[in-house]
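Reader: I would like to learn how to read a structure, feature by feature. Where do we begin?

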Amino acid sequence: MRVQHNRSPSCVSLEIRIFISPSYMERGVRSSSGSRFKGPELNIKGTQHVIQAGQTLNLTCRGEMVHSWSLPEAPSKEGKRLKVIKYACGRNGKQFCSSLTLSRAQATDTGYYSCKYSSSSAVKKKTESTVYIFINDTGSPFVELHSDIPKVIHMTDGEEMIIPCRVTAPDIAVTLKKIPLETLIPDGKTIIWDSRKGFIIPKAMYRFIGLLSCETTIDGQKYSTKYLTHRQTNTIFDVKLNTPNLVKLLKGDSLAINCTVAADWNTRVQMTWSYPGEANHRASITKRIGQRNTDANIFYSILVVDKVRDIDKGQYTCYVKTGPSVKSVNTTVHVYDKSFITLKHRRKSVLEAVAGRKSYRLSMKVKAFPSPEVVWLKDGLPAAEKCARYVVKDYSLSIRDVAEEDAGNYTITLSIRQWNLYKNLTVTLIVNVKPQIYEKAVSSFPDPNLYQLGSKQVLTCTVYGIPQPTITWLWHPCRQNHSKARYDICSNTEGPFTLKTDSSTGNRIQSITQHMAMIEGKNKTASILVVAEAKSSGIYSCVASNKVGNVERNISFYVTDVPNGFHINLEKMPIEGENLILSCSVNKFLYKDIAWILPRTVNNQTKAKRHLTKEYSTTLTLTIKNVSLEHSGTYVCRARNIYSGEEVLQKKDVTIRAQEAPSLLRNLSDQTVNSSNSATLECQAHGIPEPQISWFKNHEEIQQEPGERCKYPFSFSLSSLIAAYIPPFP
């Protein structure tokens, strides 16, 4: 006999298997293949039937195929009161019949009784006949009675919920109450009464949560059965183990793994384990529930293995199930025979980092158990104590903001003192430094440098880097500007050209040498380029390179024929009536927009300006003809710096001298000179412009034409006459 549940939790299916002769089966097959198929028929017509408690229930089922019975759970367990007989029936015994007899019927026998064909039959029409049997017992109006401990009914918001207070007679009036005081009245919509099911609530909601009671009164006696509704959820917040992903143990150690589940208040979970020694029951498992806060329940399942062995290594998984929700978390256990330390270089024994890197990590390949004590040393001293930038984590040493002084030997020491195990390994760190040019860092010259035409110049480039950089000198000549512009900007250059000693590209290079120099505590390389004669303008570049990178310093080399690149020249200080000539010259690579600013006293008298652009400079000449005293004052030449944009001024004070008539400062006096001696006569005169002095002897002007021998052996300058030889007077 096989029992199957059907329709409701209070119903089961009872299947009786009988050995039937082949001829009987053959008749059944023929019958089932007849022209008209009918479903099974019960001897009781209608959907329900009532009998009194203590009576015998007799049901007969007739059909054209083999069939089985499905009945409530209580009578299915009564082997003594229940009897089922199968037999052939109908004309010529071609039908299948069975009778069900239930003696001494009880209230708990109330429920659905069904006769149905086998589910393996390929019949698509009616295969089942059902009747609901009430066993009327005035002393037991409810089929199930829960008076002391209420039955839990699980509910889900918005879904159907049934309060299964079924009764033993269809006419029993039942009232549904929510304890303590509320009466829930069936309205045919939100609450529906069905004597065969109980109270049906199509869409359960919050108001139905709590303790409910089904009540009725029979012959003055009050009966009630209670139900506790529980709004169950399947919400698991978190599942975790108290162990890492890998657990390492020595043989004989104890293993304890705690699986913790955080779930919603109305969630109940089922926690199970799978583990390597499960077949041998190697672990003991305990469970408990706790409360972390008002938002969740905490469930614990603790697995413990005493004195682990090889059989206990492998994966341990904690499974958590609630409704359709399933979650799991696992860890792996390794069991070692003894403690050990294995230490190797992760890459090479010599490592390289670059200064300025945000972080660099030194690490080793370590396999050890139990976990050893770790100490990192730098050049024999504890690294973490030596510098706050060193951070030790596990088997790694991280260096923050890598600097040149971080270079050195780093040693990791591992020790497991209780097992007397010690290992150490050293790695060398080289910190490479990108080339740096000293002059580039300290230079305070925003404008290009000017070099006097034809001068000898020495350019120096002091370089530092690790490894030691190579230094190359390059020349970028200024591209010649053939336009009529009065200035040049050496931004468009040609080249570059690599320079060597005796190179003649641009300016002849007399020599390129280098030597080591100790500057600011560092051994730096100084490269010196000597320009034999400055003639060409351009840019010299000093390029320092190593494996980290390169750096370049550009030296603007502008040749000038103007002192300091800006100069005013006054040919002579003029006298009234003469011409004033001022020249303002600027280096054309450094200045532009040259102009004269005249004193206010200068009127619109004729003045001329003339521009002259040469290879190295531009000259603006100011000429004022026939000047007067009013032309005295400060004359300003203005030019604009090409690179800074600032205006630069040069000033020249001019004083126009007034004309004065010549006058003798001292009269001549008589002199007596011996024959054959020399005599000097001096004439001191003053006048503006400077007077012209003429000498006379006996009212006859003394003259000396070029190439003509003087009649007298006289020589004279502007203010003196010398008689080299005085002959006797005739």
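Author: We begin with a pair of cysteines, Cys-165 and Cys-214, both of which are buried. Keep in mind that this is a predicted model.

Reader: Which bond do Cys-165 and Cys-214 form?

Author: They form a disulfide, with the sulfur atoms 2.2 Å apart. The angle about the S-S bond is -65 degrees, a left-handed link. This pair links distant parts of the chain, 49 residues apart. Cys-165 sits in the loop between β12 (161-163) and β13 (175-178), and Cys-214 in strand β17 (residues 210-218).

Reader: How many disulfides does the structure hold?

Author: Six. One of them joins Cys-584 to Cys-637, S to S 1.9 Å. That link is left-handed too, with -85 degrees about the S-S bond. Cys-584 belongs to strand β45 (residues 580-587) and Cys-637 to strand β49, so the disulfide ties together parts 53 residues apart in sequence. Cys-584 and Cys-637 are buried.

Reader: What is the handedness of the link between Cys-89 and Cys-97?

Author: Right-handed, with 75 degrees about the S-S bond. Here the S to S distance is 1.7 Å. Cys-89 and Cys-97 are both buried.

Reader: How do I decide on "buried" for a single residue? Is Cys-387 buried or exposed?

Author: Look at the relative accessible area; under 20% means buried. Cys-387 has 15% relative accessibility, so Cys-387 counts as buried. Asn-641 is at 4%, and therefore buried as well.

Reader: Where is Asn-641, and what does its side chain reach?

Author: Asn-641 is in strand β49 (residues 633-641). A polar atom of its side chain lies 3.0 Å from the backbone nitrogen of Ser-644.

Reader: Give me a buried residue in a loop.

Author: Take Thr-267, in the loop between β21 (255-263) and β22 (270-274). Its relative accessible area is 0%, so Thr-267 is buried. Next, ask what surrounds it. Beyond its neighbours within four places in sequence, Thr-267 is in contact with Thr-233, Asn-234, Thr-235, Phe-299 and Thr-322. The side chain of Thr-267 also reaches the backbone nitrogen of Thr-235, at 3.2 Å.

Reader: How far apart are Thr-267 and Gln-232, in sequence and in space?

Author: They are 35 residues apart in sequence, and 5.8 Å apart in space, C-alpha to C-alpha.

Reader: On to sheets. What holds the strands of a sheet together as pairs?

Author: Strands pair through backbone hydrogen bonds, either parallel or antiparallel. In this model, an open sheet of five strands runs in the order β36-β43-β42-β38-β39, with mixed pairing. The strands β36 (449-452) and β39 (497-498) stand at the edges. Each has a single partner strand, so one side of each is left without a neighbour in the sheet.

Reader: In which sense do β38 and β39 pair?

Author: Antiparallel, over two bridges; β38 covers residues 470-477. Trp-475 has Phe-497, in β39, as its bridge partner.

Reader: What about backbone angles? Which values should catch my eye?

Author: Most residues other than glycine have a negative phi, and most peptide bonds are trans. Look for the exceptions. The peptide bond from Ile-179 to Pro-180 is cis, with omega near 20 degrees. Pro-180 lies in the loop between β13 and β14 (182-184). The bond from Phe-369 to Pro-370 is cis too, with omega near -5 degrees. Pro-370 is in the loop between β29 and β30 (373-378).

Reader: And which phi values stand out?

Author: Asp-379 has a positive phi, near 50 degrees. Asp-379 lies in the loop between β30 and β31 (381-382). With a relative accessible area of 41%, Asp-379 is partly exposed. Asn-564 also has a positive phi, of about 60 degrees. Asn-564 is in the loop between β43 (550-560) and β44 (566-570). Its relative accessible area is 71%, so Asn-564 is exposed.

Reader: Last topic: cavities. How many are there of 30 Å³ or more?

Author: Two. The largest has a volume of about 60 Å³. Its lining includes His-345, Arg-346, Leu-351, Trp-376 and Val-427.

Reader: Which strand gives the most to that lining?

Author: Strand β29 (residues 359-369), with three residues.

How values were computed: Residues numbered from 1 in each chain as written. Predicted model: local features only at pLDDT ≥ 70, side-chain atom pairs only at ≥ 80, totals over all residues. Heavy atoms only, no water. Helix = DSSP H or I, 4+ residues; strand = E, 2+ residues; numbered from the N terminus. Buried < 20%, exposed > 50% of the residue type's maximum accessible area, 1.4 Å probe, protein only. Contact = heavy atoms within 4.5 Å. Polar contact = N/O pair within 3.5 Å; in protein donor to acceptor, adjacent residues only side chain to side chain. Pairing = 2+ DSSP bridges. Disulfide = S-S within 2.5 Å. 1 Å grid on protein atoms, 1.4 Å probe; cavity = no way out; pocket = protein on both sides within 12 Å on 5 of 7 lines; lining within 4 Å. Points joined across faces, edges and corners; volume = space filled by probe spheres on them.
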